[in-house]
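Student: I am new to this structure and would like a close look at a single part of it. Please take the surroundings of the ligand and explain how they fit into the rest of the chain.

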Amino acid sequence: MAPKSAVLARQPARTSGTNVRRVHRPLPADFKNTIAAQRVPAVISGLDIGQAPWTWTPSYLASLDGVPEKLVSVHVSRDPKLDFVRKNFKYVVMPFGELLAKVNDASDDNFYYLRSIGENPRKEPAHALLQFPSFARDLKLPSEFWGSEDNYFSAVVRVSSGDLQLWTHYDAMDNMLIQLHGEKRVLLFPPSVSGDLYLEGSSSVVRDVDDHDRESFPRFARARKAALEVILQPGDVLYIPALWAHHVTALHGPSIALNVFFRHLPTSGYPSKDLYGNADPIAAASALKSINSAIESLKELPLDYRVFYAGVAAARLESELGVESARRALATVNDDTPKSRGMNSRATKGTGVVGTVLSALACLLITRRASRK
Ligand SMILES: O=C(O)CCC(=O)C(=O)O
């Protein structure tokens, strides 16, 4: 593996554009009725989340009571692009203080990433503020945005070396990602492009989101084009609705964040054994299982039969689940006629891709509501 400096020099230039809606201190009820109801990401700014966005540097965290000696399991790699499918990293258990010193040391040739886990990692999810009580001195979670305490699922600390990229993955829960130190770029892929992400489980096989292998992953270009992009700064809170896959890059230097996963569906809709917030809802897991068994049956047939029945099945899924209407809405908006531009109501206003996605989702919701009547 080349030294860290050479790896960084080869990385593609990053764009600084952003097309995720920003909302400043929304009332919780307004957030619920517009942004959360539309199921579209947004950056919430100006919230009173305590002084952590000012105080939480790696050295400060390492000075807090009970933090430096606590053991944490860290992803360690010589490659800045962590890849869950090909596992180009090792898990190394080390004291939190050691990790904080390493991410602060630009001459260290390894890349480090902490995604904190539960106290008893086989039994319970991460509850960062209980596991690190001294964090609560500086950080107040914006719990008013997840409705009720019963919706809370987990709180996860994330510490990353500068330039580290976290593989594209989706979570099955809604998420508030609170950026506390450093900047990061987040790419967000709408649920409508899930089929273009080449998912294995909840992770994408496509390693390089800025220069992907076009021969192996021809459909990824469509997903990349539809992706929203935002640069987060300390104090920003990014709302990521469930099933919006995301890819995260720490920019310029180390990054510290904390995210809260919370339920959007009734509790009974999720598997009880989920530890990471990424297990598919019960109904989806059961559907995917049936699809796997359908695939095994169809594999018994010659290719032309498989092609025919795959087409029938795909068309049935698309029309019965409302996917077709959502696509049609998207195509109308892409025309950018004055009529379609008018579909961007005040509540769903956005620019470019945001407006398109918002309008398509709004149309989908309207179609769904109409079809339920
Ligand atoms: O900010 C990060 O390091 C990753 C965030 C993430 O993947 C998540 O909150 O699900």
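Tutor: Helices, here runs of at least four residues, and strands, runs of at least two, are assigned by DSSP and numbered from the N terminus. On that basis, the protein chain of this predicted model has twelve helices and 13 strands. Of its 373 residues, 35% count as buried. Among contacts between residues at least 6 apart in sequence, 78% join residues at least 24 apart.

Now to the part requested. The ligand is surrounded by Arg158, Ser160, Leu166, Asp171, Asn175, Leu177, Lys184, His246, Val248, Ala257 and Asn259. Two or more residues of this shell are given by each of the elements β6 (152–160), β8 (174–189) and β13 (245–262). The largest share, four residues, belongs to β13. Sorted by class, the shell holds four nonpolar, four polar and three charged residues.

Strand β13 also leads into the interior. The largest nonpolar core has 74 residues, and Leu99, Leu238 and Leu258 are the members that touch the most others. Within this core, too, the largest share comes from β13, with nine residues. Leu258 itself, apart from neighbours within four places in sequence, is in contact with Ala128, Leu139, Ala155, Val156, Val157, Arg158, Ile178 and Leu180. One of these contacts, Arg158, is also among the residues around the ligand. In soluble globular proteins, nonpolar side chains tend to be buried together.

Strand β8 offers a second path outward from the shell. It runs antiparallel to β11, and five bridges join the two. One bridge partnership links Val186 with Val230 of β11. In a regular strand the side chains alternate between the two faces of the sheet. Strand β11 (residues 228–232) shows such an alternation: Leu228, Val230 and Leu232 point to one face and are buried, whereas Glu229 and Ile231 point to the other and are not.

Finally, one may follow the chain beyond β13. Pro271 lies in the loop between β13 and α8 (282–298). This residue counts as exposed because it has 11 C-beta neighbours inside 10 Å, and the cut-off for exposed is 12 or fewer. Beyond residues up to four places away in sequence, Pro271 touches Ala279, Ile282 and Ala285. Its C-alpha atom is separated by 6.4 Å from that of Pro281, ten residues apart along the chain.

Methods. Residues are numbered from 1 along each chain as its sequence is written. This is a predicted model: local features need pLDDT of at least 70, side-chain atom pairs count only at pLDDT 80 or more; totals for chains, interfaces and linings use all residues. A residue is near a molecule or strand if its C-beta atom, placed from the backbone, lies within 6 Å of it. Ala, Val, Leu, Ile, Met, Phe, Trp, Tyr, Cys and Pro count as nonpolar, Asp, Glu, Lys and Arg as charged, and the others, Gly among them, as polar. A residue is buried if 20 or more other C-beta atoms lie within 10 Å of its own, exposed if 12 or fewer, and partly exposed in between; C-beta atoms are placed from the backbone. Two residues are in contact if their C-beta atoms, placed from the backbone, lie within 7 Å. A nonpolar core is a set of buried Ala, Val, Leu, Ile, Met, Phe, Trp, Tyr and Cys residues joined through C-beta atoms within 7 Å. Two strands pair if DSSP finds at least two bridges between them.
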